[in-house]
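Me: I'd like a close look at one part of this model, and then a walk outwards from there to the rest of the chain. Keep it informal, but keep the numbers in.

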Amino acid sequence: MQIPRLNLNQRGFLLIAIPIVYLALLLGFLISEQTQHDKAQFWAVHSKEVLLQIERIYGALAASQSNLRGYVATGAPQFLTEYRSLSTTVPDMHNELARMVADNPLQPPRLKLALEQIEARRIWSDELIEMVGRGEREAALEQVRRLQGVSLSNAITEAFDPIRQAEESLDRYRLQYLNQTTTFQSRILIGGLILTLLIGFGVVRWFAQSITKRIAILSENVGRFSRAESIGEPIKGTDEIFDLDQQFRRMADNLVAAQLVEREQQERLERQNADLLRINQHLDQKNQENEMFVYSVSHDLRSPLVNLQGFSRELGAIRDEMKGLLAGDFTPSVKARAQLLAERDITEAIHFIQAAVSRLSSIIDALLRLSRVGRVEYRPCNVNLNSVVGRILEAMRLTITERKVTVSALSLPDIWGDPTAVEQVMANIIANAVNYSDKNRPGRIEIGEVASTGLPDDGMKVCYVKDNGLGIAKQHLPKVFTIFQRLHGTVAPGEGVGLALVERIVKRHGGKIWVESEEGVGTTFFIAFPIQSHSLFELDPKSA
């Protein structure tokens, strides 16, 4: 009979359902057998407990009889006490035995007879005790010597013998039944295990024939494709493995096409990378040319400035000489006009020339400093910022005192950089905080470390310099680090180059600098320094 075609879900369901149904039937049968086994075990233990209870009654009766004889023979009260204690336990034991054998209708009449014999012996024992109590111990001893107590004990034993024999017979039968159920249960377990293995083998074999072989073919085709070999014949069928084989073949075709596209894109990227490398080299060359241009322009402008300064001094000398010459005989109007030209016009011209020359000289010096930042060779090492800030504050102590500014220097980290450049950065920012303090309120400056920066850069420490000075208007914040931009030109002297130099130095260290400010409230500069060797230093200490 041909097995109908099933999809993988149906085959998987059968693969799981067949063992589960079989195991459920086996488990139900085992539970039923276990119930019977538990019952047999219970009754076997019950028979043992009944026999044990009979032995307890025998022991209590024997002990009480022994204590009775001891009391009659010696009159010692401890024997009487022990006798009475044992005599009170015997009825309880008898009642417990009656409860235990209540399931057997033959045993209650036998127990009743045994109880009558026990009661007869108790009456005889009480009579002996009364005789001893009246001082008739010899008469009591005579009763004992006649072995009447032994006769009563034998009668009790004879009454209990049928009860014990019946329980022993039940015990043998129940043990035999328990052994039979145990043996049968073991056989069921062994047979069930063998049948489980046979069913499992059959299911696995069916699964291997219908699924595993086809999966092996699919795996072989995947291996062929990975080795760039031709793929074998398609898998036959209508289930998911057939669909997977079809999808694999479509994917293989798409991958071949994608590899061709990827190869073309890789070649295009290589060409673009080569173009980008040439552009970067060109930009580096342009940067060097710009630096050389700034340096050249600065030096070229220096010579005309020297000439202007010389001519301005010469004009000054001419002015002085004209004053001397005009001291001679001239008409008053000519003399007054000459003196006016010498003292007012020439003096003003000289003053304007000298002021312009001084301003131009400052700009040229700033350009020279800016160009040197890109050419100076840094010598990076571990820098203790606490020491750097301490030296800066000591050098600026007079200015800080004059401006009545309070500076709080908190604990700062060690960073990696050129000591001179780092000190230049911190000195410039601290000096700005002091110089642009608000004269209308006491100045306060705080220098410290930002505990958590939120920056994605690893290996960075962020310091800050915070003041309550004049502040910066919101519209001027983007121009803070632009060269020649001065936001409070009348408050302190300068050319507007300091922060541009600071930004370039920080960037050369692989760091970052930014500012937060509110006009009339204060300004906070943040500087992120590396705390370990930066690749910029390792590759080229002179790079800009």
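Reply: Ala427 sits in helix α10, which covers residues 419–435. This is a predicted model, so take the numbers below as computed from predicted coordinates. Is Ala427 buried, exposed or partly exposed? Its relative accessibility is 25%, and because the buried class stops under 20%, Ala427 counts as partly exposed. Across the sequence, Arg391 is 36 residues away from Ala427, yet their C-alpha atoms are 9.3 Å apart in space.

Now take helix α11, residues 498–508. Buried there are Leu499, Ala500, Leu501, Val502, Ile505, Val506 and Arg508. A general point helps in reading such a list: an α-helix has 3.6 residues a turn, so residues three or four places apart point the same way. After α11 comes Gly510, with a positive phi near 80 degrees.

Further along is strand β7, residues 522–530, which holds Thr524. Thr524 counts as buried because its relative accessibility is 12%. Which residues does Thr524 touch, once neighbours within four places in sequence are set aside? They are Tyr464, Val465 and Lys466, plus Trp514, Val515 and Glu516.

For a contrast, go back to helix α5, residues 148–226, where Ile190 is found. Ile190 has 54% relative accessibility, so this residue counts as exposed. Together with Ile194, Leu195 and Leu198, Ile190 forms a nonpolar patch on the surface, and the four share about 390 Å² of accessible area.

Stepping back to the whole chain, there are 12 helices and seven strands. Of the 544 residues, 32% are buried. The exposed surface comes to about 33400 Å², with carbon and sulfur atoms supplying 57% of it. Among contacts between residues at least 6 apart in sequence, 76% join residues at least 24 apart.

How far can you lean on all this? The mean pLDDT of the chain is 76, and 74% of the residues reach 70 or more. Confidence is highest in strand β4 (residues 443–449), at a mean of 94, and lowest in helix α12 (residues 535–539), at 42. Over residues 534–544 the pLDDT is below 50, although this stretch still has 30 contacts in the model beyond near neighbours in sequence. Where pLDDT is low, the predicted coordinates should not be read in detail.

Notes:
Residues are numbered from 1 along each chain as its sequence is written. This is a predicted model: local features need pLDDT of at least 70, side-chain atom pairs count only at pLDDT 80 or more; totals for chains, interfaces and linings use all residues. Side-chain values use heavy atoms; hydrogens and water are left out. pLDDT is the predictor's confidence in each residue, from 0 to 100. Helices (H or I, at least four residues) and strands (E, at least two) are DSSP runs, numbered from the N terminus. Contact means heavy atoms within 4.5 Å. Buried means under 20% relative accessible area, exposed over 50%, partly exposed in between (1.4 Å probe, protein chains only). Accessible areas come from the Shrake-Rupley method with a 1.4 Å probe; for residues, only the protein chains shown count as cover. Patches are made of residues with over 30% relative accessible area and no salt bridge: like charges are joined within 9 Å, nonpolar side chains (Val, Leu, Ile, Met, Phe, Trp, Tyr) within 5 Å. A salt bridge is a side-chain nitrogen of Lys or Arg within 4 Å of a carboxyl oxygen of Asp or Glu.
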